[in-house]
Amino acid sequence: MPDLKTTYMGIPLRSPIVVGASSVSAMVDKIKMAEQAGAGALVIRSLFEEQIKFDTLRLEESLSVGAESQPEARTYFPNIKHGEAKEHLMWVEKARKAVAFPLLASLNAVTPGAWTKYARQLEETGINGLELNVYSVAADTRRAGTAIEKELYEAVEAVRQQVKIPLAVKLSPFYTSVANVAAELDKRGAASLVLFNRFLQPDIDPATESPTSEMVLSGPEELRLPLRWTGLLYGRIKAEIALSTGVHSGLDAAKALLAGATVVQTASAVIKHGLPYVSTMLRQLEEWMTEKGYASIAEFRGKLSQKQAADPSAFERAQYVRLLLAQK
Ligand SMILES: Cc1cc2nc3c(=O)[nH]c(=O)nc-3n(C[C@H](O)[C@H](O)[C@H](O)COP(=O)(O)O)c2cc1C
């Protein structure tokens with residue numbers, strides 16, 4: 001039986017398949033199912049600063065309705081304050097106590113102070129590591145890429161100084177130079193880069209002439225983008241790589257490990273098939289390893305990365321020209 005054990009950001013995992021941040025972490029039963037199915041770890045869905053701000057505003061609005069109608073009313077209403085991140089933090093703490101396998105928290109903040117404040121609070125829950133979910137749509141025509149990147153580096157540096165637990169940064173694929181951003185985050189102490197965040201794209205319904213947005217799950221064809229960047233970056237940065245997006249089978253996980261990923265994260269596949277599907281994926285990975293004669297992951301991790309592959313051009317532009325010219 002091949003050995004699936006690995007270490008991710010210094011945390012020992014019994015397998016390289018991690019359940020990515022998603023709705024499945026909203027229920028303790030599902031987190032337990034992920035553990036039972038053999039997942040190496042699970043990332044709890046993000047704490048969103050914007051959600052806290054929105055909820056706080058809504059509470060203040062609802063409390064102030066009628067407060068100005070009578071002078072007495074001003075003192076009648078109790079001084080209720082929004083609990084901020086309390087609900088989420090309590091949830092993370094509860095989850096941490098319910099299972100034994102490693103759990104990572106995830107944070108999506110917008111303002112510099114919020115990144116550090118909530119990172120500290122999440123660390124106090126006893127979580128094993130923290131993932132910074134960097135999800136922004138750079139739509140401001142006046143903001144240059146350098147300014148956006150600077151803000152990212154400052155946030156990561158600030159969080160790195162504030163928390164001791166291992167830090168992962170979940171990145172967008174839409175930087176002009178993904179490789180440079182990866183190297184800069186590496187310098188700033190990110191123990192892992194999660195490649196990549198998946199951006200939900202709105203659609204337009206021509207019948208109603210209105211924009212629509214729905215949660216569309218990924219397909220395995222989406223693996224190729226993170227696969228390429230994993231292959232390009234493996235061995236060139238110190239940070240480990242968690243490949244995310246499009247991992248739908250044990251063979252997808254094998255591809256990611258061959259490209260150099262330390263772990264894969266999977267969300268859509270477990271939402272679609274249920275959490276026990278993690279054990280199917282692990283079995284598929286084991287079967288593949290047995291067939292290839294690998295006893296451990298270390299024997300083949302990064303074998304097809306650009307640094308180690310016999311044909312380093314596979315990940316680069318040369319293939320583009322060759323394939324286009326071959327097309328009849
Ligand atoms: C229902 C749902 C909820 C998600 N919630 C989060 C979240 O809270 N934080 C986060 O970083 N990513 C979140 N994601 C994104 C996933 O972690 C992952 O990056 C993305 O779905 C691509 O991986 P996949 O192809 O395995 O689905 C969510 C995805 C889905 C489908």
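In which sense, right-handed or left-handed, does helix α5 pass helix α6? In this predicted model, α5 passes α6 in a right-handed crossing. Two packed helices are described by the angle between their axes and the distance between the axes. Here, α5 (residues 112-123) and α6 (residues 145-162) pack at an angle of about 35°, and their axes lie 9 Å apart. On the α5 side, the contact is formed by Trp115, Thr116, Ala119, Arg120 and Glu123, while α6 contributes Ala155, Ala158, Val159 and Gln162. Sorted by character, the residues of this contact comprise five nonpolar, two polar and two charged.

A good place to turn next is strand β9 (residues 192-195), which has a partner strand in both β8 and β12. With β8 (residues 167-171), β9 pairs in the parallel sense over four bridges, and Lys170 is found opposite Val194 of β9. The route from β8 to β9 leads through helix α7 (residues 178-187), and this β-α-β crossover is right-handed. The pairing of β9 with β12 (residues 240-244) is likewise parallel and involves four bridges; in this pair, Leu195 stands opposite Leu243 of β12.

How do the side chains of β9 point? In a regular strand the side chains alternate between the two faces of the sheet. In β9, Ser192 and Val194 point one way, Leu193 and Leu195 point the other way, and all of these residues are buried.

Strand β12 also appears among the surroundings of helix α9 (residues 250-259). Eight of the ten residues of α9 are buried, so this helix is largely enclosed by the rest of the structure. The buried residues are Gly250, Asp252, Ala253, Ala254, Ala256, Leu257, Leu258 and Ala259. They pack against β3 (17-19), α8 (224-233), β12, β13 (263-266) and α11 (277-292).

Two of these elements, β3 and α11, are met again around helix α1. Within α1 (residues 28-37), the buried residues are Val28, Ile31, Ala34, Glu35 and Ala37. An α-helix has 3.6 residues a turn, so residues three or four places apart point the same way. The cover over the buried residues of α1 includes β3, β4 (41-43), α4 (86-98), β6 (103-108) and α11. Just past the end of α1, Gly38 adopts a positive phi of about 100°.

Terms used
Residues are numbered from 1 along each chain as its sequence is written. This is a predicted model: local features need pLDDT of at least 70, side-chain atom pairs count only at pLDDT 80 or more; totals for chains, interfaces and linings use all residues. Side-chain values use heavy atoms; hydrogens and water are left out. Buried means under 20% relative accessible area, exposed over 50%, partly exposed in between (1.4 Å probe, protein chains only). Helices (H or I, at least four residues) and strands (E, at least two) are DSSP runs, numbered from the N terminus. Two strands pair if DSSP finds at least two bridges between them. A crossover is right-handed if, with the strands pointing away from the viewer, the path from the first strand over the helix to the second runs clockwise. Axes are lines fitted to C-alpha atoms, for helices over the stretch in contact, and angles run from 0 to 180 degrees between N-to-C directions. A crossing is left-handed if the near helix is turned anticlockwise from the far one by less than a right angle, and right-handed if clockwise. Contact means heavy atoms within 4.5 Å. Ala, Val, Leu, Ile, Met, Phe, Trp, Tyr, Cys and Pro count as nonpolar, Asp, Glu, Lys and Arg as charged, and the others, Gly among them, as polar.
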